[in-house]
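I opened this entry to record what I looked up, in the order I looked it up. Confidence comes first, then the fold, the core, the charged pairs and one hairpin.

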Amino acid sequence: MRLAVAPEVQKVSTSFASTTTIRRGGTYTLGFLDGAAKVTTAPIAWDASAARVKEALELLAGVGGVGSVVVTRADNAAANGHDYLVTFSGRVGDVTKMQV
């Protein structure tokens with residue numbers, strides 16, 4: 001018998017309290033604990049494309065078990081932001097939870 005192992009999926013959301021598009025901006029970083037140290041991505045724009053988030057995470061390859069990832073982005077009108085689903089396709093089993 002073979003057991004199927006699903007890849008780990010984690011969600012990152014951005015949001016704004018204001019509904020106006022004037023002055024929206026900002027960045028965030030994603031990181032993982034690697035032993036006692038936290039390793040983080042370069043700053044990512046709040047409205048970054050899925051490709052940009054993928055690129056930032058894959059630059060951390062080997063850290064926190066990142067490997068290759070698939071990232072999708074969906075608008076989240078209720079939060080005035082975006083939801084990113086990160087699928088860790090290059091790793092089987094649990095992946096350390098991302099930290100923002």
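**Confidence.** I began with pLDDT, since this is a predicted model. The mean over the protein is 83, and 84% of the residues reach 70 or more. I then looked at the elements one by one. Strand S3, residues 31–34, has the lowest mean pLDDT of them at 80, and strand S6, residues 70–76, has the highest at 95. I kept one caution in the margin: where pLDDT is low, the predicted coordinates should not be read in detail.

**Fold.** I noted one helix and seven strands. Read from the N terminus, the order is β-β-β-β-β-α-β-β. I also looked up how contacts are spread along the chain. Of the contacts with a separation of 6 or more, 52% are between residues 24 or more positions apart.

**Surface and burial.** The protein has 100 residues, and 33% of them are buried. I recorded an exposed area of about 6,100 Å², of which carbon and sulfur atoms supply 55%.

**Core.** Which residues have the most contacts inside the largest nonpolar core? I found Leu 30, Phe 32, Val 53, Leu 57, Phe 88 and Met 98, in a core of 19 residues. Helix H1 (50–58) and strand S7 (81–88) each supply at least two residues of this core. H1 gives the most, with four residues.

I followed Phe 88 further and left aside its neighbours within four places in sequence. Its contacts include two other residues from the list above, Phe 32 and Met 98. Phe 88 also touches Pro 7, Glu 8 and Gln 10, then Val 66, Ser 68 and Val 69, and finally Val 95.

**Charged pairs.** I counted four salt bridges in the structure and wrote up three of them, beginning with helix H1.

- Glu 55 and Arg 52 meet through their side chains at 3.7 Å, N to O. Both lie in H1, three residues apart, about one turn of the helix. Glu 55 has a relative accessible area of 45% and is partly exposed. Arg 52 is partly exposed as well, at 26%.
- Lys 54 and Glu 58 form a salt bridge at 2.8 Å, N to O. This pair also lies in H1, four residues apart, about one turn of the helix. I have Lys 54 as partly exposed, with a relative accessible area of 30%. Glu 58 counts as partly exposed at 26% relative accessibility.
- Asp 75 forms a salt bridge with Arg 73, and their closest N and O atoms are 3.8 Å apart.

Buried or exposed, where does Asp 75 fall? Its relative accessible area is 61%, so I put Asp 75 down as exposed, the cut-off being over 50%. Arg 73 has 35% and is partly exposed.

**Hairpin.** I finished with S6 and S7. How do they run? They are antiparallel, and seven bridges join them. I noted one facing pair, in which Thr 72 stands opposite Leu 85 in S7. The two strands form a hairpin with four residues between them. In the turn, Asn 80 has a positive phi of about 55 degrees. Strand S6 is also the element with the highest mean pLDDT, and strand S7 is one of the elements that supply the core.

Key. Residues numbered from 1 in each chain as written. Heavy atoms only, no water. pLDDT = per-residue confidence, 0-100. Core = buried A, V, L, I, M, F, W, Y, C linked by side-chain atoms within 4.5 Å. Buried < 20%, exposed > 50% of the residue type's maximum accessible area, 1.4 Å probe, protein only. Contact = heavy atoms within 4.5 Å. Areas by Shrake-Rupley, 256 points an atom, 1.4 Å probe, with all protein chains shown as cover. Pairing = 2+ DSSP bridges.
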